[in-house]
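This briefing groups selected features of the structure shown below by topic. Please read each point alongside the sequence and the coordinates.

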Amino acid sequence: MTSLFDPLKLGNLTLPNRVIMAPLTRQRSKQPGNIPWSLNAEYYQQRASAGLIISEATQISQQGQGYPGAPGIHSPEQVEGWKLVTDAVHKAGGRIFLQLWHVGRISHSSQQPGGGLPVAPSAVKPAGTVLTADWKSVEFETPRALELNEIPGIIADYKKAAENAKAAGFDGVEVHGANGYLPDQFLQDGTNKRTDNYGGSIENRARFLLEVVDAVIPVWGRDRVGVRLSPYSTANDMKDSDPVKLFTYVLEELSKRQVVYAHLVEPRISGASKGAPTNQEAPSASALFRRAFRGVFLSAGGYEPDSAKHAIAAGEVDAVVFGRWFIANPDLPERLKQNWPLNPYDRSTFYGGTEKGYTDYPFYH
Ligand code: 8OZ
């Protein structure tokens, strides 16, 4: 029987355990410039015992930014800043992938180059509120639908960001295709109303994500590219008329491309930002979609120590991705292994601020 503490082959990497650190938006990059710095390096280094660290979502361009304080990977200063992080993680014996992010419509004009509207597949406004560049909560704007001739430029931004991630010393990249950001906005028909090659059929709606994947594979090799998806998630006001058909197709296409892992967010957790309501009635993504993907299957979303151990032992997933418990427990793998108690997490310090609630959670020993 497999356990959380057995090694896992991920392409030509061997992860020492199956306790993965989730991509976690913490909004603590150095300002101005959204630059990773020594505080971020300390935080990631503390968590280097994870089988794999997936970095916080990191914008590929200024247009792709939607959250104040979130880091980028498009400026030379950001690349230099990330080197502090990757060096620190590697010195501590860890491995770290960078998550490539474009928020699409989940932005605000105060973040956009020239103060323009956020971009999206279609001009469909998300419900709810967004933080401006200076942390004021305001209603979302209606995004501007991308022109067909703008899409190659965004794919090129992903490729350039993947190259920057390599220069910054990461071990691989994850394409953020989940949680209602730009690639997901193309995938799902609640947000994609296009009538060109990027809208309508499932094949057309998947085109953007697959073009991103096809752009980053030559930079990294298939063994170092993963993709995150969140079927059935309602985070960021998402919906689709047939998630099983859509995400089965996407996972089959990702299998053909032999990306190294698929990382699915369980829909029982509907998003971290609004108090993380859970819906235990929601379908299980691993049950529905695991068979559609031939590579390593990572699963995130509301796992507790017992449910994680069970999911691995039952062979439902290859590795479990922890967010909140990794925020509060830098030594999470060892705590799980030894059945040591977990530090409780403090939601009020998840987003923004400095070392409080970030690098000051104690190790057990
Ligand atoms: C919570 C708060 C801000 C961003 C995601 C990047 O949902 C996020 C995110 C989550 O993937």
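D318 has a relative accessible area of 15%, under the 20% limit, and therefore counts as buried. The model discussed here is predicted. In it, the side chain of D318 forms a salt bridge with that of R290, with an N to O distance of 2.8 Å. This pair links distant parts of the chain, its two residues being 28 residues apart.

**Salt bridge between R290 and D318**

- R290 is located in the loop between α7 (285-289) and β13 (296-300).
- D318 is located in the loop between α8 (305-313) and β14 (319-322).
- R290 has a relative accessibility of 23% and so counts as partly exposed, whereas its partner D318 is buried.

**Salt bridges of R257**

- Side chains of opposite charge can pair when their charged atoms come close.
- The whole structure contains 11 salt bridges.
- One of them joins R257 and D214, whose closest N and O atoms are 2.8 Å apart. This pair also links distant parts of the chain: R257 belongs to helix α6, D214 belongs to helix α5 (residues 202-220), and 43 residues separate them.
- R257 forms a salt bridge with E253 as well, and here the closest N and O atoms are 2.9 Å apart. Because R257 and E253 are 4 residues apart in helix α6, about one helical turn separates them.
- R257 is buried at 17% relative accessibility, and E253 is buried at 11%. D214, at 36%, is partly exposed.
- A network of salt bridges links D214, E253, K256 and R257.

**Ligand surroundings**

- The ligand is surrounded by T25, A57, Y67, W101, H176, N179, Y181 and Y351.
- This shell divides into 5 nonpolar residues, 3 polar residues and no charged residues.
- The side chain of H176 places an N or O atom 2.7 Å from an oxygen atom of the ligand.
- For the side chain of N179, the corresponding distance from an N or O atom to an oxygen atom of the ligand is 2.8 Å. Taken alone, the ligand exposes 300 Å², of which the protein buries 86%.

**Nonpolar surface patch**

- Y232, V244 and L288 make a nonpolar surface patch of about 210 Å².
- V244 lies in helix α6, which spans residues 243-257.
- The relative accessibility of V244 is 33%, so this residue counts as partly exposed. Because a patch residue needs over 30% relative accessible area, the value for V244 meets that cut-off.

**Backbone geometry**

- The peptide bond between Q31 and P32 is cis, with omega at about -5 degrees. P32 sits in the loop between β3 (19-21) and α1 (38-46).
- D237, a residue other than glycine, has a positive phi near 60 degrees. Its place is the loop between β11 (225-229) and α6, and at 31% relative accessibility D237 counts as partly exposed.
- N339 is not a glycine either, yet its phi is positive at about 55 degrees. N339 lies in the segment after α10 (332-338). With a relative accessibility of 60%, N339 counts as exposed.

Note on methods:
Residues numbered from 1 in each chain as written. Predicted model: local features only at pLDDT ≥ 70, side-chain atom pairs only at ≥ 80, totals over all residues. Heavy atoms only, no water. Patch = residues over 30% accessible without salt bridge, like charges linked within 9 Å, V, L, I, M, F, W, Y side chains within 5 Å. Areas by Shrake-Rupley, 256 points an atom, 1.4 Å probe, with all protein chains shown as cover. Salt bridge = Lys/Arg side-chain N within 4 Å of Asp/Glu carboxyl O. Buried < 20%, exposed > 50% of the residue type's maximum accessible area, 1.4 Å probe, protein only. Near = heavy atom within 4 Å. Polar contact = N/O pair within 3.5 Å; in protein donor to acceptor, adjacent residues only side chain to side chain. Nonpolar A, V, L, I, M, F, W, Y, C, P; charged D, E, K, R; others polar.
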